[in-house]
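Open the model in your viewer and keep the selection panel at hand. The stops below go one by one.

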Amino acid sequence: GNGHGAIAALLQERGVRVEMLLDEGTPTIAAGSAKLNSKFDLALVSTAQKGYASLDLSVNMTGGHAGTPDDAGTSVSILAEAVARLQASARPPRVRRPVSDMLAIVAPFQPPLQKIIFKRQTFFGGALARLLAKTSPKTAAMVRTTSAVTMFHGGVKDHILPQFAIATVNNRILPGETVEEVKEHARRAIADPRVHVSIHTGGAEPREP
């Protein structure tokens with residue numbers, strides 16, 4: 001909706017200057033639940049905003065009776081294969097400045113090995129990004145663009161070959177990447193001209209200090 005715009009307009013009309021905005025979304029990491037946090041509970045403060053873009057993957061094929069399917073597959077099976085290829089080609093993890101700053105701040109409170117890694121990020125950067133990507137879904141989301149298939153539709157009858165199938169993939173984009181790059185990555189990963197890739201909703205580019 002447009003509630004946020006109305007609130008901003010009202011505050012501006014009243015001459016209110018906002019110093020802080022508290023919003024949902026930032027994870028809390030319990031002590032001992034991740035390799036970057038062994039001693040204390042961490043409540044993370046967001047200093048950047050990931051981008052947002054949902055992609056539609058769609059396939060149009062000739063319909064017909066299910067008793068005489070084409071060897072090439074149906075729109076649903078072709079789309080399912082495309083989704084599987086996309087899910088298998090995750091974007092590479094990278095430690096951006098907001099995460100780098102956070103790790104530097106928590107470094108003094110970590111065991112010796114983590115303390116060294118967090119303080120010497122220039123040397124351990126690649127390994128650190130891969131470690132965070134594998135530790136948990138929460139830490140993985142901090143270092144890479146995430147993609148999640150959230151909707152899949154195709155077919156109207158069990159005995160009819162589906163002419164059209166569509167899947168929607170929600171992407172949360174790491175700062176340093178763009179909506180267009182995410183869209184192009186999907187095209188390259190799927191590598192099938194029968195699958196059309198388009199923006200489901202207007203994308204928002206990521207922001208960081």
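Select proline 209: is this residue buried or exposed? Proline 209 is exposed, at 59% relative accessibility. The model is predicted, so treat each stop as a computed result.

**Stop 1: the segment after E8**

Stay on proline 209. This residue lies in the segment after E8. Show its contacts beyond four places in sequence: Thr47, Ala48, Arg97 and Pro98. Now add alanine 6. The two residues are 203 apart in sequence, and their C-alpha atoms are 26 Å apart in space.

**Stop 2: the whole chain**

Zoom out and colour by secondary structure. The protein chain has seven helices and eight strands. Along the principal axes, its C-alpha atoms fill a box of roughly 65 × 50 × 25 Å. The radius of gyration is 22 Å, whereas a compact globule of 209 residues would have one near 17 Å.

Switch on the surface. About 13,000 Å² is exposed, and carbon and sulfur atoms supply 56% of that area. Of the 209 residues, 32% count as buried. Contacts also reach far along the chain: among those between residues at least 6 apart in sequence, 72% join residues at least 24 apart.

**Stop 3: the nonpolar cores**

Hide the surface. Select Leu57, Leu79, Leu86, Ile190, Val195 and Val197. Within the largest nonpolar core, which has 20 residues, these six touch the most other members. Several elements each supply at least two residues of this core: strand E3 (51-60), helix H2 (75-87), strand E7 (164-173), helix H7 (179-190) and strand E8 (195-199). In soluble globular proteins, nonpolar side chains tend to be buried together.

Centre on leucine 79. Which residues does leucine 79 contact, leaving aside neighbours within four places in sequence? They are Leu57, Ser58, Val59, Phe152, Ala165, Ile166, Ala167 and Val195.

Then move to a second, separate core. This one has 15 residues, including Val99, Val106, Leu132 and Ala133.

**Stop 4: the aromatic pair**

Select phenylalanine 123 and phenylalanine 124. A search of the whole structure finds one aromatic pair, and these two residues form it. Their ring centres are 4.8 Å apart, with 90° between the planes. That angle makes the pair edge-to-face, because planes over 60 degrees apart count as such.

How exposed is each partner? Phenylalanine 123 is exposed, with a relative accessible area of 62%. Phenylalanine 124 is partly exposed, at 23%.

Add arginine 120. Its charged end sits over the ring of phenylalanine 123, 5.3 Å from the ring centre.

**Stop 5: the loop between H7 and E8**

Go to alanine 191, found in the loop between H7 and E8. Check the backbone here. Phi is near 50°, a positive value in a residue other than glycine. Most residues other than glycine have a negative phi. Alanine 191 is also exposed, with a relative accessible area of 60%.

**Stop 6: strand E5**

Finish on threonine 146, in strand E5 (residues 146-154). Is threonine 146 buried, exposed or partly exposed? Threonine 146 counts as partly exposed because its relative accessibility is 25%, between the 20% and 50% cut-offs.

Show its contacts, again without residues up to four places away in sequence. Threonine 146 touches Lys50, Ala141, Asn170, Asn171 and Arg172. Last, add arginine 91, 55 residues away along the chain. The C-alpha atoms of arginine 91 and threonine 146 are separated by 7.6 Å.

Definitions and conventions
Residues numbered from 1 in each chain as written. Predicted model: local features only at pLDDT ≥ 70, side-chain atom pairs only at ≥ 80, totals over all residues. Heavy atoms only, no water. Phe/Tyr/Trp six-rings, centres within 6.5 Å; stacked < 30°, edge-to-face > 60°. Buried < 20%, exposed > 50% of the residue type's maximum accessible area, 1.4 Å probe, protein only. Lys NZ or Arg CZ within 6 Å of the ring centre and 35° of its normal. Helix = DSSP H or I, 4+ residues; strand = E, 2+ residues; numbered from the N terminus. Rg over C-alpha atoms; globule rule 2.2 N^0.38 Å. Contact = heavy atoms within 4.5 Å. Areas by Shrake-Rupley, 256 points an atom, 1.4 Å probe, with all protein chains shown as cover. Core = buried A, V, L, I, M, F, W, Y, C linked by side-chain atoms within 4.5 Å.
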